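Subject: Structure for you, with notes

Hi there,

Here is the structure I promised to pass on. Please have it open while you read, as my notes come straight after it.

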Amino acid sequence: MKLEELKDLADYAIGQARTAGASYAEARIHGASGNESLLKNGEPEPAVLVESFGIGVRVLAKGALGFSATNSLDRRSVKQLTIGTVKMAKSAGVLLKKPLAFDASKPVKKKWRAEEKQKIEGGDVKWLGSLLREIDGRLTSEEVGVKLPGRFLTAEASLEEKYYVNSDGARVESRVPRVHFFGILTALENGETAQRMIQQGESGGLEVVERLDLVKRVEREAKTLGEVLRKATKPPEGTIDVVLSPELSGIAAHESVGHPQEADRILGREGAQAGESYLKRDSLGLKIGSTEANVSDDPNLPNSNGFSPVDDEGVEGKKRRLIQDGYIREFLQNRSTAAELEVTSNGASRSVAFNREPIIRMSNTFVEPGEYTLEELLKEVKLGVYFASFTEWNIDDKRLNQRYVGLEAYLVEGGELKGLVKAPVLEITTPKLWGSVKARSRKMEFEAATCGKGDPMQGIPVWTGGPDTLLSGIKLGSR
Amino acid sequence: MIGLVGALNELAVSTAKRLGVDDAVALTSQGNERMVRFANNSLTVTKNTKETELYVYLGKDRRRIVAATSNPDESSVRTFIKKLFDSLQSLPKGPDYASLPEKARHYKPREEGYDRKIEAVGTELSELAGEAIESARKNGGERSAGAVVASVTTSSILTSSGTSGRDRGASITLNIRSFSQNDASGHGLSCASKLSGFDPAEAGKRAGENAKKMVDAKEPEAGDYEVLMSPTVASNLVDLIGGFSSAFSVDAGISYLVDKLGKKVASESFSLSDHGRMNGALDGRVFDDEGIPTRTTPIIREGVLENYLHNLTTAKKSGKVSTGNAGTISPHPWNLEVGKGDSSYDEMVKSMKRGVILTSNWYTRFKNYRTGEFSTVPRDGAYLVEDGRITQGLKGLRVSDSLERIFSSTRLISKNREWIEWWEVDTPTLCPWVLVDGVKITRAYE
């Protein structure tokens with residue numbers, strides 16, 4: 001089914017909703033298709049083809065918000081569903097304490113697409129399978145130096161296409177191809193195992209594989225697992241310095257800055273599922289970190305996994321300065337939270353599929369780069385640990401108490417990287433973490449992640465990233 | 001859109017057979033989910049989704065491919081199957097191929113356990129949500145957030161060897177979280193396959209009471225504690241064990257149950273089964289995604305790992321028979337049941353010297369799936385128990401342990417069990433309270 005053929009249906013849905021009494025209506029024709037190959041211990045699992053196509057309609061009626069979706073793409077079904085949505089929203093008004101409103105964001109009229117050099121359509125299951133077999137060949141070569149009895153690899157080439165209209169005049173058409181790799185490697189040596197989950201992905205065509213240097217990257221990870229099993233020793237105890245790699249800086253930025261600065265959480269909307277926030281509606285301007293703490297979210301980064309220059313409310317996606325010089329500067333907003341907080345939406349509302357409502361999401365969340373090299377940061381450390389990668393992690397639902405367990409991690413002594421240390425644990429509060437930032441490197445790297453939120457759940461593609469980040473005076477534990 | 005799901009399956013399978021496949025399965029599901037979400041005691045959004053999805057499996061010459069489409073009009077289905085077949089032929093042959101059974105089976109929908117009243121629930125969802133909010137408020141939850149969801153699904157299958165049938169399911173669930181002063185919170189659930197068993201007021205009461213009791217919560221000292229897990233917390237871990245018991249996970253090395261068949265993996269008091277069909281269950285079907293009849297499979301019996309969950313391919317590879325747990329690719333549990341014990345909640349609390357009661361948790365993540373080492377973050381009602389008495393609300397804590405050690409150190413299991421399905425528990429689980437010795441509790445160092 002082609003997006004072009006269904007544009008009229010979106011306009012039709014809005015007309016029906018308005019006739020039924022909605023003060024505002026939007027419709028999104030949303031398609032996603034993908035090819036995926038899976039390789040388990042060198043043997044092919046069934047290849048996967050997926051195509052999802054449907055319409056999602058959202059209305060405001062008597063101040064109540066209603067959302068509905070269907071993949072029955074004929075006028076009769078859409079009319080029935082749309083009228084039902086307005087009716088259901090109105091009838092639920094008995095539960096409504098305060099009518100919902102949307103801000104006056106400028107409606108965008110735009111056709112946009114992510115950059116794509118080699119067409120994503122070339123990423124069929126044969127091509128993807130060949131890629132995985134090439135990676136697996138490296139993983140089973142002698143050069144890797146460790147046995148990997150568990151090798152589960154997947155590669156996916158997907159395309160997301162949307163046509164969005166709303167009754168305020170927004171009209172947005174988009175095309176985002178993506179390439180995504182996921183793997184779990186299990187290394188075994190002397191009865192001990194070590195495991196690494198690898199996720200890489202970008203928006204773009206098949207050129208993404210080369211850009212990520214995927215084959216060599218996965219091989220490097222496998223070699224490291226062997227080194228960890230053979231050489232890692234107990235990490236130092238007590239109060240020391242910690243240097244976070246871009247991977248660790250990114251996950252910390254995502255979990256303890258991005259999430260608590262989602263305005264819907266702050267206002268309580270996700271309270272029963274993803275939780276609320278340690279921040280309140282009046283927390284803008286609060287000092288939460290050192291002057292070196294600078295964290296942003298930017299939907300406009302070229303090739304990014306969370307590339308979304310216009311959001312799913314038809315609002316331009318702007319770069320969000322979440323923490324600037326240690327102060328809470330900006331929340332992630334959609335049109336209803338912006339109206340409630342008397343600001344303007346910064347275009348952070350996204351949906352993963354036609355059958356999901358748009359909600360506030362991060363795009364690409366990162367620690368801003370500094371002025372130093374990693375070597376210069378390490379020179380500042382008398383005794384510390386450099387976290388290059390992590391495994392287990394989690395955070396409480398107010399985003400105050402987080403934990404990251406190192407996988408590839410090194411002792412730092414006298415300003416130099418020494419040997420590997422085993423499973424150091426950074427279990428720390430958000431103010432302590434960001435208050436301990438002393439310096440940042442110039443290097444910027446990003447990791448792909450799938451961020452979960454919403455009810456029903458929506459796993460959405462994002463990037464997490466940043467430079468190397470030096471934290472001073474940290475109590476470290478071990479597993 | 002083709003009107004009848006049976007016709008859709010027929011079209012998919014006949015097209016595939018004409019193309020020359022060895023095996024084909026078409027499985028169509030039609031679902032309707034209605035939801036009312038609320039926060040701060042007020043409506044946030046109503047939702048209504050209606051979907052038809054066609055799932056297809058094709059096999060030929062030891063090559064396999066699966067697909068799903070939500071684009072089920074006649075010409076699209078034909079094009080889709082042709083595309084699938086072309087893709088199938090481009091694949092390398094796999095070592096593990098299990099043909100569909102030659103003998104055709106015919107399934108009828110379950111009559112027992114399906115509540116038609118859930119089909120009709122619509123505008124009443126707001127009233128049910130309101131009932132929960134009011135009950136929470138009366139019991140100390142000043143503001144509540146949550147969702148009440150009514151869902152019905154009809155599934156229809158047809159295979160190239162003539163197996164056919166239809167089944168359906170319905171459930172209604174409520175997840176409510178209440179907040180009191182100082183962000184103290186409590187959690188309540190009501191999960192039922194029949195409207196008559198749905199109790200939003202009780203769920204709201206629990207959420208409100210726990211929120212009230214947590215107002216003066218403090219951070220605990222890190223250390224080893226006896227931990228009494230509510231059905232909500234225990235089912236989060238049990239759901240993970242269900243996933244780890246999938247032969248696919250075992251084969252991929254992403255399960256702590258690798259090489260453990262016939263071995264002790266839990267205390268004798270702990271038994272776990274999967275049920276494809278079960279009265280009162282919130283999910284399940286009479287057939288799996290390969291047209292094999294679902295059944296009851298003991299996973300852990302009195303502490304010993306008795307079975308992995310299989311589809312046709314994993315079963316053939318390991319010399320077993322399918323347990324009727326085929327999913328799209330990997331076998332998965334349908335409904336999990338933890339065997340009941342003989343203790344009451346009060347007896348369990350009284351038996352604790354220095355322990356912690358956990359009523360809800362989230363964000364369970366593993367250091368290593370192969371070893372089962374994980375941590376999870378308790379939230380909502382958490383209480384310190386000293387000499388058999390609750391003495392203090394607790395916050396800011398984390399459980400850091402391993403699945404095998406926890407379930408091998410299970411001391412008591414309650415008589416009473418509850419169905420749990422919510423944001424942190426995907427597989428509906430009938431679960432008791434579980435008391436475990438020596439669980440490692442940590443907290444932020446600073």
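Below is what I found, going from chain A as a whole to its domains, then to the contact between the chains and a few elements of chain B.

Please keep in mind throughout that this is a predicted model.

Chain A overall

Chain A contains 10 helices and 25 strands. With a radius of gyration of 24 Å, close to the 23 Å that the globule rule gives for 479 residues, chain A is as compact as a globular protein of that length. Along the principal axes, its C-alpha atoms fill a box of roughly 70 × 55 × 35 Å. Burial is worth a look too: 60% of the 479 residues of chain A count as buried. If you take the contacts in chain A between residues at least 6 apart in sequence, 75% of them join residues at least 24 apart.

Domains of chain A

The domain assignment splits chain A into domain 1 (3–32 + 52–110), domain 2 (113–229) and domain 3 (238–478). Between domain 1 of chain A and domain 3 of chain A, the C-alpha centres are 33 Å apart. These two domains do touch: 19 residues of domain 1 of chain A are in contact with 16 residues of domain 3 of chain A. On the domain 1 side of that contact, β1 (24–40), β3 (47–61) and β4 (64–70) of chain A each supply at least two residues. The most comes from β3(A), which gives 6 residues. Sorted by class, this side of domain 1 has 10 nonpolar, 5 polar and 4 charged residues.

Where the chains meet

The contact between the chains takes 76 residues from chain A and 72 residues from chain B. Here β3(A) turns up again, with 8 residues, the largest share of the side of chain A that touches chain B. By class, that side of chain A has 31 nonpolar, 24 polar and 21 charged residues.

The strands let you follow the contact in more detail. β3(A) and β3(B) run parallel and are joined by 5 bridges. Two of the pairings are easy to pick out on screen: A47(A) has I65(B) as its bridge partner in β3(B), and L49(A) has A67(B).

The chain B side

β3(B) spans residues 63–69 and is mostly covered, with 6 of its 7 residues buried. Besides its bridges to β3(A), β3(B) is joined by 7 bridges to strand β2 (residues 42–60) of chain B, and this pair runs antiparallel. A67(B), the partner of L49(A), stands opposite V56(B) within chain B. β2(B) and β3(B) form a hairpin with 2 residues between them, and D61(B) in the turn has a positive phi of about 50°.

Elsewhere in chain B, you may like to look at helix α6 (residues 231–244). α6(B) has 14 residues and reaches 19 Å from its first C-alpha to its last, close to the 20 Å expected at 1.5 Å a residue. This helix is also mostly covered, as 13 of its 14 residues are buried.

If you want one place to begin, try β3(A): this strand gives the most to the side of domain 1 that touches domain 3 of chain A, and it is joined to β3(B) by 5 bridges.

Best wishes, and enjoy looking around!

Technical notes: Residues numbered from 1 in each chain as written. Chains lettered and ligands numbered in written order. Predicted model: local features only at pLDDT ≥ 70, side-chain atom pairs only at ≥ 80, totals over all residues. Helix = DSSP H or I, 4+ residues; strand = E, 2+ residues; numbered from the N terminus. Expected span 1.5 Å × (residues − 1). Buried ≥ 20, exposed ≤ 12 C-beta atoms within 10 Å, placed from the backbone. Domains from an automatic or database assignment. Contact = placed C-beta atoms within 7 Å. Nonpolar A, V, L, I, M, F, W, Y, C, P; charged D, E, K, R; others polar. Pairing = 2+ DSSP bridges. Rg over C-alpha atoms; globule rule 2.2 N^0.38 Å.
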